[in-house]
2 protein chains.
Amino acid sequence: MSRGRGRLPKLTPVAPRAALRLLDRDARVPDAPDDDKLKKRTSDQVERIADLQRTFYADGRFALLIVLQGRDASGKDGTIRKIFSGANPQGVQVTSFKTPSDEELLHDFLWRVHQHAPPRGMFGIFNRSHYEDVLVTRVNGFVPKTVWEPRFRHINDFEMMLAANGVRILKFFLHISRAEQKERLEKRLSNPEKNWKFNPADLDARASWNAYTAAYRDAIRRCSTRWAPWYVVPADDKKVRDYLIARTIADTLDSLELAWPKADPGVIARGID
Amino acid sequence: MSRGRGRLPKLTPVAPRAALRLLDRDARVPDAPDDDKLKKRTSDQVERIADLQRTFYADGRFALLIVLQGRDASGKDGTIRKIFSGANPQGVQVTSFKTPSDEELLHDFLWRVHQHAPPRGMFGIFNRSHYEDVLVTRVNGFVPKTVWEPRFRHINDFEMMLAANGVRILKFFLHISRAEQKERLEKRLSNPEKNWKFNPADLDARASWNAYTAAYRDAIRRCSTRWAPWYVVPADDKKVRDYLIARTIADTLDSLELAWPKADPGVIARGID
């Protein structure tokens with residue numbers, strides 16, 4: 001893929017079962033446009049999304065499901081704030097999946113997730129998701145391989161069923177390097193507006209860096225499908241990350257050929273007293 | 001209350017059990033500031049809300065519940081869009097209560113509402129609410145007075161329990177005049193971006209204008225409490241409406257004396273490798 005000076009190629013879906021490596025050096029794009037240009041371009045895409053949201057809601061044929069996964073400090077919260085502030089909150093539902101509750105653990109792993117699938121007309125954003133059940137669960141050995149391995153298939157089947165019912169699914173892995181994570185965690189520790197939410201468990205995950213890399217790799221290559229593609233987003237540079245994701249979302253919405261429904265002619269004929 | 005040229009008094013809560021009249025002429029404020037001034041002032045308040053939202057989330061002691069009620073075309077959707085676009089969608093959950101489902105009807109009237117009470121740290125916005133059960137339900141005679149009349153008490157008790165658990169509740173009645181509604185419904189009918197959602201039932205409610213006025217009046221005066229005040233918002237002018245509501249919300253958040261939690265000192269001491 002050739003790159004001109006300061007040009008950013010669009011994100012492309014990970015090919016199903018691709019030979020995938022998640023190398024630190026790929027967390028950054030070479031020769032990215034400068035910050036001001038990127039900010040401007042991102043805000044154009046954000047505006048496009050907010051515009052398309054109106055017709056998306058009215059059209060009513062589709063739901064949009066955006067799955068965000070990534071290591072701690074990879075920018076999941078920031079991505080949501082940057083791309084969806086400006087959207088009409090009435091059409092957006094964000095779900096953050098935390099450690100499952102006792103009740104949730106009594107159910108299959110897709111049970112709690114299914115409840116938050118977005119209805120038609122809405123954008124649903126998953127901050128973490130059912131993928132945690134092949135990531136944190138696997139790395140920590142909470143369940144044996146005979147349990148987590150079949151989940152790739154269960155996930156693909158589940159997502160296919162959603163897609164067949166009008167849910168457009170986009171999955172983004174925010175790919176950051178080990179060095180970038182260190183810098184961000186250190187900043188978080190020294191900032192009183194951020195250090196209160198610092199969780200020592202974040203550091204345990206960092207200690208298992210390579211095990212997580214393997215788990216992310218398998219999840220992405222096994223579950224990138226035609227109906228629910230995974231995108232690996234170079235996320236060491238926040239402005240690059242925001243632009244690439246916003247653009248992918250806007251292009252996807254655009255491709256749906258959304259239309260305003262027709263009014264009932266009887267309704268139009270009726271006057272108002 | 002004296003008003004200078006172009007000044008807008010703050011909204012004040014309806015006094016509990018006040019003698020309340022909802023007259024068409026009160027849907028408009030005399031001598032409002034001009035549009036440009038109002039727009040600027042509203043955007044200042046919207047920014048204040050977005051700012052305070054960050055500390056509100058971090059502080060974690062409170063939830064905010066905003067209830068929007070009003071006749072068709074009174075501007076519930078528009079208010080949400082104007083005031084909460086710009087907020088971080090991860091901290092906002094909007095619930096639109098529609099006609100109850102068969103399952104919901106098998107439960108008490110607060111059952112479906114309770115499930116959407118906002119958790120601490122979040123803004124919950126109700127587009128319609130449990131108040132429909134003393135409004136549309138009453139006007140249409142779906143239940144007898146012996147059923148809907150005790151609901152005022154049930155609502156007050158329920159809201160008191162929420163308030164005792166950290167939920168700050170603000171309830172806004174968007175008060176529009178009959179003439180203004182006519183104008184808006186006519187506009188809606190002639191606009192292809194809006195007429196598809198036109199519901200002939202909107203006209204039935206208009207035919208029962210006075211019965212609804214009585215129902216709103218009782219709901220507001222019987223359920224405006226110290227812990228969950230009702231505000232009557234003059235809403236014929238959208239810019240006045242947005243400003244007054246945004247200001248009330250921002251002032252309420254401000255009054256909570258929100259603070260960043262302290263980090264665990266052990267966490268701060270720990271380095272990152």
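In chain A, strand β1 (residues 63-70) pairs with strand β3 (residues 123-127) in the parallel sense, with five bridges between them. Within that pairing, A:V67 sits opposite A:F126 of β3(A). This is a predicted model, and the description here starts from β1(A) and works outwards.

A second neighbour of β1(A) is β4(A): the two run parallel and are joined by eight bridges. Here A:L68 is the residue that stands opposite A:F172 in β4(A). Strand β1(A) itself is mostly covered, with eight of its eight residues buried. In a regular strand, side chains alternate between the two faces of the sheet. For β1(A), A:A63, A:L65, A:V67 and A:Q69 point one way, while A:L64, A:I66, A:L68 and A:G70 point the other way. Both sets are buried. The two residues picked out above therefore point opposite ways, A:V67 with one set and A:L68 with the other, because the strand splits into these two groups.

Strand β4(A) also turns up in the charged contacts. A:K171 makes a salt bridge with A:E159, and their closest N and O atoms lie 2.7 Å apart. That pair links distant parts of the chain, since A:K171 belongs to strand β4 (residues 167-175) and A:E159 to helix α7 (residues 151-164), twelve residues apart. What about exposure? A:K171 has 0% relative accessibility and so counts as buried. A:E159, at a relative accessible area of 1%, is buried too; the cut-off for buried is under 20%.

Chain B offers a couple of mixed cases. B:D59 forms a salt bridge with B:R61, with 2.9 Å between the closest N and O atoms. On the acidic side, B:D59 is buried, its relative accessible area being 13%, whereas B:R61 counts as partly exposed at 43% relative accessibility. In the salt bridge between B:R112 and B:E104, the closest N and O atoms are 3.1 Å apart. This time the basic partner, B:R112, is buried with a relative accessible area of 10%, and B:E104 is partly exposed at 24%. Back in chain A, salt bridges with shared partners tie A:K10, A:R48, A:R247, A:D251 and A:D254 into one network. Over all chains, the search of the whole structure turns up 44 salt bridges.

Disulfides are another story: the structure holds zero of them over all chains. Among the cysteines, A:C223 is buried with a relative accessible area of 0%, and B:C223 is likewise buried at 0%.

Helix α8 (residues 178-190) of chain A has 13 residues, so at 1.5 Å a residue it should span 18 Å. Its end C-alpha atoms are 19 Å apart, which agrees. Its buried residues are A:E180, A:Q181, A:R184, A:L185, A:R188 and A:L189.

As for how the two chains are arranged, a turn of 180 degrees with a shift of 0.0 Å along the axis lays chain A on chain B with an RMSD of 0.0 Å. That is the relation of a two-fold axis. In chain A, the C-alpha nearest this axis is that of A:G86, at 2.5 Å. The copies meet through the same surface, because 100% of the interface residues of chain A are also interface residues in chain B.

Note on methods
Residues numbered from 1 in each chain as written. Chains lettered and ligands numbered in written order. Predicted model: local features only at pLDDT ≥ 70, side-chain atom pairs only at ≥ 80, totals over all residues. Heavy atoms only, no water. Salt bridge = Lys/Arg side-chain N within 4 Å of Asp/Glu carboxyl O. Helix = DSSP H or I, 4+ residues; strand = E, 2+ residues; numbered from the N terminus. Buried < 20%, exposed > 50% of the residue type's maximum accessible area, 1.4 Å probe, protein only. Expected span 1.5 Å × (residues − 1). Disulfide = S-S within 2.5 Å. Least-squares fit on C-alpha atoms with pLDDT ≥ 70 in both. Contact = heavy atoms within 4.5 Å. Pairing = 2+ DSSP bridges.
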